[in-house]
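Trainee: I would like to go through this structure and ask what stands behind the terms. Where do we start?

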Amino acid sequence: MTAGELKTRTLERLDESSAQPAFYTPASVLNALNEAQRVFALLTLCVERRGVLELFPGQTFYHLLDEFPEFLLPLRASVKTNLLPTGTAEWNSPVWDEALWDQLDASPPSTAKPLRPARIHDLDARNALWQTTEGEPERYGVLGLDLLFLDKRPAAAGSSLLLTFAAAPTGLAADGDVPEIPEEYHHTLIDWAIVTLRMNEGGQELAQAMPHLERFLAAAAKLAAYVRARYQGLRYDALPFELAAYDRSTLLNLAMPKEPRERKPAA
Amino acid sequence: MISLTPWITALYPRLNASTANDLIWWTDAELRQWAEEALKNLARECGLFTERNELPVFPGGAAYSLPARQISIIHLSLTGRPLRFATVRELEALNRQWQTAQGAVERYTRDVIGLGTITLYRLPAEAAILALLYHETPASIEAVRCPKPVADYFTYAVLGEARAKQGDAAMPEVAAHARERAKLLEAVIRRYWGGAQ
């Protein structure tokens with residue numbers, strides 16, 4: 001579905017004309033749909049990207065958001081010391097090149113060696129002087145949102161980190177834009193958008209929209225379970241949030257303000 | 001790096017306004033204040049924002065001030081060698097004259113006098129570099145290094161405060177729902193990025 005179709009369907013369900021909406025502007029509907037896509041991708045980690053980070057001699061720490069603004073979580077990291085592909089493609093190569101959702105693996109085999117995830121204190125235990133040790137990295141970690149660290153720093157230029165990461169989706173702008181989440185879940189964005197737009201009205205309008213939110217969360221939980229199983233099979237380094245185990249009761253049950261009690265006159 | 005200003009601007013339609021001038025029951029400054037409070041809350045509760053800094057160490061110098069806005073230390077190392085954290089009681093058990101002992105620096109302690117300082121055990125004999133990895137609060141909401149899905153947390157934190165504010169525009173049920181959404185996002189953020197190393 002395109003952004004234009006999603007906007008039209010959202011407005012129709014709000015009993016608004018898609019050509020001339022009276023209460024909801026097309027911009028606010030688009031914002032709500034973009035927010036729905038971002039939240040869906042955050043809950044399920046279904047948007048996957050690859051990037052190459054150039055490693056510099058003598059540098060152990062890197063801020064990944066400077067290089068990849070859409071970076072969320074690392075899934076797999078490998079180090080390549082030779083930027084040029086060598087040899088012919090091997091479709092059953094055991095290295096990290098794997099097809100993503102809808103892409104054929106057409107890249108030549110890499111000489112990339114996968115890095116194992118580690119915590120800072122694991123590296124301290126293995127080698128107290130890891131921050132100044134030179135060599136080919138074997139382990140990596142990420143502190144906070146994006147501070148990447150490696151257990152060894154490259155001695156010379158020419159190394160790069162091939163990073164597969166969970167990403168934030170690209171926002172929808174034009175009517176022809178298509179959400180990055182899987183096609184079969186596009187319509188669930190409408191559910192989140194409806195509840196978001198009804199928050200302007202509150203009261204019964206918002207309360208009656210809650211089944212839409214329940215449907216959105218159920219769809220996200222279903223895809224998250226699939227992505228979790230897939231990532232476990234691929235032995236990725238991060239897994240989606242366990243939405244199925246999260247208590248949604250307070251989120252879905254709207255706390256309506258109580259009516260003031262009638263005071264009985266004094267006897 | 002995102003600026004929270006466009007996020008606050010995107011909130012106006014959700015507060016039934018088109019520009020900052022139309023915000024009848026709130027002010028732009030209030031929205032920014034709430035966004036800053038949400039930022040500090042997230043930084044403190046989830047340890048999202050990490051930074052690395054280097055401090056020069058002087059011969060015989062024991063106490064050093066930590067960078068402004070630091071919340072907690074993740075890792076401290078002197079010339080590449082990690083230092084272990086110890087409490088004052090542990091240092092006193094090691095050496096009753098720990099504050100003046102000289103030799104190889106192996107441990108450090110925090111906040112001996114006041115907050116925001118570290119004290120080395122033992123006193124360094126020569127100049128060196130102290131490398132510090134720490135959690136911090138970003139300097140300003142105008143430049144926050146975070147991906148866009150994380151910024152949605154600020155949207156709902158601010159919306160929750162705005163609709164809970166006493167006045168004609170108060171909508172307690174909307175405020176409660178916005179806070180629940182913020183709580184969900186905080187749980188996700190904590191699961192993905194929070195926790196100690």
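Mentor: With the contact between the two chains, in what is a predicted model. Here 46 residues of chain B are in contact with 55 residues of chain A.

Trainee: What makes a residue count as in contact?
Mentor: Heavy atoms within 4.5 Å. The 46 residues of chain B and 55 residues of chain A meet that rule.

Trainee: How much area is buried between chain B and chain A?
Mentor: About 4600 Å², with carbon and sulfur atoms giving 64% of that area.

Trainee: Why is the pair Asp146(A) and Arg145(B) called a salt bridge?
Mentor: The closest N and O atoms are 3.8 Å apart. The cut-off is 4 Å between a side-chain nitrogen of Lys or Arg and a carboxyl oxygen of Asp or Glu, so the pair qualifies. The rule finds five salt bridges across this interface.

Trainee: Which element of chain B gives the most to the side that touches chain A?
Mentor: Helix 5 of chain B, with 15 residues. That side of chain B divides into 24 nonpolar, nine polar and 13 charged residues.

Trainee: In the open sheet of chain A with the order 2-7-6-5, what makes strand 2 and strand 5 edge strands?
Mentor: Strand 2 (61-63) and strand 5 (116-117) of chain A each pair on one side only.

Trainee: How do you know that strand 5 of chain A pairs with strand 6 of chain A?
Mentor: Pairing needs at least two bridges, and two bridges join these strands, so they pair. Strands 5 and 6 of chain A run parallel, and Pro117(A) stands opposite Tyr140(A) in strand 6.

Notes
Residues are numbered from 1 along each chain as its sequence is written. Chains are lettered from A and ligands numbered from 1 in the order in which they are written. This is a predicted model: local features need pLDDT of at least 70, side-chain atom pairs count only at pLDDT 80 or more; totals for chains, interfaces and linings use all residues. Side-chain values use heavy atoms; hydrogens and water are left out. Helices (H or I, at least four residues) and strands (E, at least two) are DSSP runs, numbered from the N terminus. Buried area is the accessible area (1.4 Å probe) that two parts lose on being put together, summed over both. Ala, Val, Leu, Ile, Met, Phe, Trp, Tyr, Cys and Pro count as nonpolar, Asp, Glu, Lys and Arg as charged, and the others, Gly among them, as polar.
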